[in-house]
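Dear colleague,

Please find below a structure that I am handing over to you. I would be grateful if you could look through it alongside the notes that come after.

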Amino acid sequence: MGLKEEFEEYAEKAKTLPENTTNEDKLILYGLFKQATVGPVNTSRPGIFNLREKAKWDAWKAVEGKSSEEAMNDYITKVKQMQEAAAAATS
């Protein structure tokens, strides 16, 4: 399986992470996903009153220097870690 296929598989798995996944973890995944699929931030930073969109933008901006491949690998690793943590929490 190629990196892109594995990335897409883990993007699906990310949708099944538990509801108690922290916002911080969700933002990390969001930033890596956008960097992997879109590339560097291509929009201006949302205004001060749009906190949710601003947090998402900041998470994306934080991984700006990564290549698409690096972002895909980091995304897969992060989802694996979150799955293991969720499994450990339920046992």
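The notes below cover the nonpolar core and then the salt bridges.

This is a predicted model, in which local features need pLDDT of at least 70 and side-chain atom pairs count only at pLDDT 80 or more, while totals for chains, interfaces and linings use all residues. Residues are numbered from 1 along each chain as its sequence is written, and side-chain values use heavy atoms, with hydrogens and water left out.

The largest nonpolar core (buried Ala, Val, Leu, Ile, Met, Phe, Trp, Tyr and Cys residues joined through side-chain atoms within 4.5 Å) has 15 residues, of which F7, A14, L29, Y75 and V79 touch the most other members. Two or more residues come from each of α1 (3-14), α2 (23-37) and α4 (68-90); helices are DSSP runs of H or I, at least four residues, numbered from the N terminus. The most are given by α4, with six residues. Buried means under 20% relative accessible area, exposed over 50%, and partly exposed in between (1.4 Å probe, protein chains only).

There are nine salt bridges in the structure, each a side-chain nitrogen of Lys or Arg within 4 Å of a carboxyl oxygen of Asp or Glu. One of them joins E6 and K80 (3.8 Å, N to O). Because E6 lies in helix α1 and K80 in helix α4, this pair ties together parts that are 74 residues apart in sequence. E6 is partly exposed, at 25% relative accessibility, and K80 is partly exposed at 34%.

With kind regards
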